[in-house]
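Reader: I would like to go through the labels attached to this model and see, for each one, what value stands behind it. Could we begin with the term that is needed for polar contacts?

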Amino acid sequence: MKIKVSVSEEKYDSLKAYLEEHGFEISKEAEYEITEINGICEFLSVRNDKKERISLSTADIVFIEAFGKEIEIHTIQDTYYSTDRMYKLESQLDPKEFIRISKSVIISRGHVKKIRPTLSMKFVLTLSNGIQVDVTRSYYSEFKKFYNI
């Protein structure tokens, strides 16, 4: 049986060895997945333009955006894709470094270059890759706490 393992780096090797010893095959293409509860991942399993699976360092992520069931993960150079749900990706990311700013966007704190307030309780953010995104009213208060504004 194939299993995908999404746990922290410290636990990955020992868990992988244990599962393989008990007859499981570890694969990023598996139907079943083992994840840590509240486990923060340093890498996400994503697809590139050629549909190849790769591990993307969370430090490289500028922002994540959802379009229906398709998720785009933007870095400074490229865009990657995931079929995971936004809530799952959000739970895998470090809450000190990433924040959800709308139903469809999660940003990285380290890649925000400019915060511009607008009327009607909103912010417009300019990210390190030049793209602008809006903090919606529903996430306004949480965003202010995150940045101590």
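Author: A polar contact is a pair of N or O atoms within 3.5 Å, where, within protein, one atom must be able to donate a hydrogen and the other to accept it. Please keep in mind throughout that the model is predicted.

Reader: What makes the approach of the side chain of D94 to the backbone nitrogen of K96 a polar contact?

Author: The side chain of D94 reaches that nitrogen of K96 at 3.0 Å, and the limit is 3.5 Å, so the pair qualifies. D94 itself belongs to the loop between helix 2 (86-92) and strand 9, and its C-alpha lies 9.5 Å from that of S108, a residue 14 places away in sequence.

Reader: Why is D94 called partly exposed?

Author: Its relative accessibility is 24%, and since buried means under 20% and exposed over 50%, D94 falls in between.

Reader: How do you know that T75 counts as buried?

Author: The relative accessibility of T75 is 6%, which is under 20%, and therefore T75 counts as buried. T75 sits in the loop between strand 7 (70-74) and strand 8 (79-82), and its contacts, leaving aside neighbours within four places in sequence, are L56, D60, I61, V62, Y80 and N129.

Reader: Why is the aromatic pair of F123 and F143 called tilted?

Author: The structure holds 4 aromatic pairs, and in this one the ring centres of F123 and F143 are 5.2 Å apart, with 45° between the planes. The distance is within 6.5 Å, so the rings pair, and the angle is neither under 30 degrees nor over 60, so the pair counts as tilted. Because F123 lies in strand 12 (residues 122-127) and F143 in helix 3 (residues 137-146), the pair ties together parts that are 20 residues apart in sequence. F123, with 5% relative accessibility, counts as buried, as does F143, with 0%.

Reader: What makes the pair of F146 and Y147 edge-to-face?

Author: Here the angle between the planes is 80°, with the centres 5.3 Å apart; as the angle is over 60, the label edge-to-face follows. Both F146 and Y147 are buried, and they form one aromatic cluster with F123, Y140 and F143.

Reader: How do you know that the charged end of R109 sits over the ring of F146?

Author: The charged end of R109 is 3.9 Å from the centre of the F146 ring, which satisfies the distance limit of 6 Å. R109 also lies over the face of Y147, at 5.2 Å from that ring centre.

Reader: Which residues have the most contacts inside the largest nonpolar core?

Author: They are F63, I101, I107, L125, L127, V133 and F143, in a core of 16 residues. Strand 9 (98-102), strand 10 (105-108), strand 12, strand 13 (132-135) and helix 3 each give two or more residues to this core. Apart from it lies another core of 14 residues, including V46, Y80, L89 and L93.

Reader: Why is one side of strand 2 and of strand 3 left without a neighbour in the sheet?

Author: The sheet is open, with 3 strands in the order 2-1-3 and parallel pairing. Strand 2 (25-26) and strand 3 (32-35) stand at its edges and have a single partner strand each, so one side of each remains without a neighbour there. Strand 1 (residues 2-6) pairs with strand 2 over 2 bridges, and I3 stands opposite I26 in strand 2.

Terms used
Residues are numbered from 1 along each chain as its sequence is written. This is a predicted model: local features need pLDDT of at least 70, side-chain atom pairs count only at pLDDT 80 or more; totals for chains, interfaces and linings use all residues. Side-chain values use heavy atoms; hydrogens and water are left out. Rings of Phe, Tyr and Trp (its six-membered ring) pair if their centres lie within 6.5 Å; planes under 30 degrees apart count as stacked, over 60 as edge-to-face and the rest as tilted. Helices (H or I, at least four residues) and strands (E, at least two) are DSSP runs, numbered from the N terminus. Buried means under 20% relative accessible area, exposed over 50%, partly exposed in between (1.4 Å probe, protein chains only). A charge sits over a ring if NZ of Lys or CZ of Arg is within 6 Å of the ring centre and within 35 degrees of the ring normal. Two strands pair if DSSP finds at least two bridges between them. A nonpolar core is a set of buried Ala, Val, Leu, Ile, Met, Phe, Trp, Tyr and Cys residues joined through side-chain atoms within 4.5 Å. Contact means heavy atoms within 4.5 Å.
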